[in-house]
Amino acid sequence: MRHFEIEMNDLKSRLVDMAGLVQKMIKETIAQLVERKEKSAAIILGFEKEVNIEEIVIDDTCLKLIALNQPVGADLRFITSAMRINSDLERMADEAVNISEKASDLIKYPELKPLIDIPKMADIVTQMVKDCIEAFNTSDAHLAKSVLEKDDEVDDLRDVVLKDLKEYMVKSSDPETIQRAVDLIIIARSFERIGDHATNISEDVIFMVHGKDIRHPRTVNCK
């Protein structure tokens, strides 16, 4: 196997591992928020440090692959997609940290209400992250397209969460209750953004496989 191919495979493996870290971070955010595990905050920050290091290494690897090999066609699309996917994964990690920070505040108080829809959002975005990186790893445009379709489910749940919590805020005159409702809204929006980043990655996979940019508008024939 040529040295260039070995480095490309290593790049792919690094992105898959990075996505695995992001999935663990999402899992810990729910443990912190729903199971009220304080120690999850430190675990999430530890994973974030690993993700940040990987982001720098992967960016550097991509730039060297381009500079030293001057790739064209499918190889160039793979590397440019890898750079964008790297950025999206790092931003997912940032959103997980944002969720953790809000969860740290929320678990100091009794539950505002049973959490049902936010954990559902977390389950869906976790699957989206898993599927989009699997689509990247296997160059599976159909799987990538299925991730795009899941984004609507996340948006629908976000709307339910926002409507529910706004009703709490309207009925309450307690500043503490209103603040907890605002924190949960921010958490729901962070999960929505993680879903958006998974969607971005899926669009990159479709570009990588078909050479077709579907970002504007998001419609494509993957046949």
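**Notebook: PhoU spans, two loops and Asp131**

I began with the UniProt record, an unreviewed entry, which lists "domain: PhoU" at residues 16–102 and again at residues 118–205. I kept in mind throughout that what I was examining is a predicted model.

I then looked up the make-up of each span. Residues 16–102 came out as 91% helix and 0% strand, with the end C-alpha atoms lying 28 Å apart. For residues 118–205 I noted 94% helix and 0% strand, and a separation of 27 Å between the end C-alpha atoms.

Next I turned to backbone angles in the loops. Arg36, although not a glycine, has a positive phi of about 60°, and I located Arg36 in the loop that joins helix H1 (3–34) to helix H2 (40–69). With a relative accessible area of 29%, Arg36 is partly exposed.

I made a similar entry for Ser139, which is not a glycine either and yet has a positive phi of about 55°. Ser139 sits in the loop between helix H4 (117–138) and helix H5 (141–171), and I recorded Ser139 as partly exposed, its relative accessible area being 40%.

Last, I asked myself whether Asp131 is buried or exposed. Asp131 belongs to helix H4, and its relative accessibility is 11%, which is under the 20% cut-off, so I entered Asp131 as buried. Leaving aside residues up to four places away in sequence, I found that Asp131 touches Leu143, Val147 and Lys150. With Lys150 I also noted a polar contact, made between the side chain of Asp131 and the side chain of Lys150 at 3.2 Å.

Key:
Residues numbered from 1 in each chain as written. Predicted model: local features only at pLDDT ≥ 70, side-chain atom pairs only at ≥ 80, totals over all residues. Heavy atoms only, no water. UniProt positions renumbered as here; feature names shortened; annotations may be inferred. Helix = DSSP H or I, 4+ residues; strand = E, 2+ residues; numbered from the N terminus. Buried < 20%, exposed > 50% of the residue type's maximum accessible area, 1.4 Å probe, protein only. Polar contact = N/O pair within 3.5 Å; in protein donor to acceptor, adjacent residues only side chain to side chain. Contact = heavy atoms within 4.5 Å.
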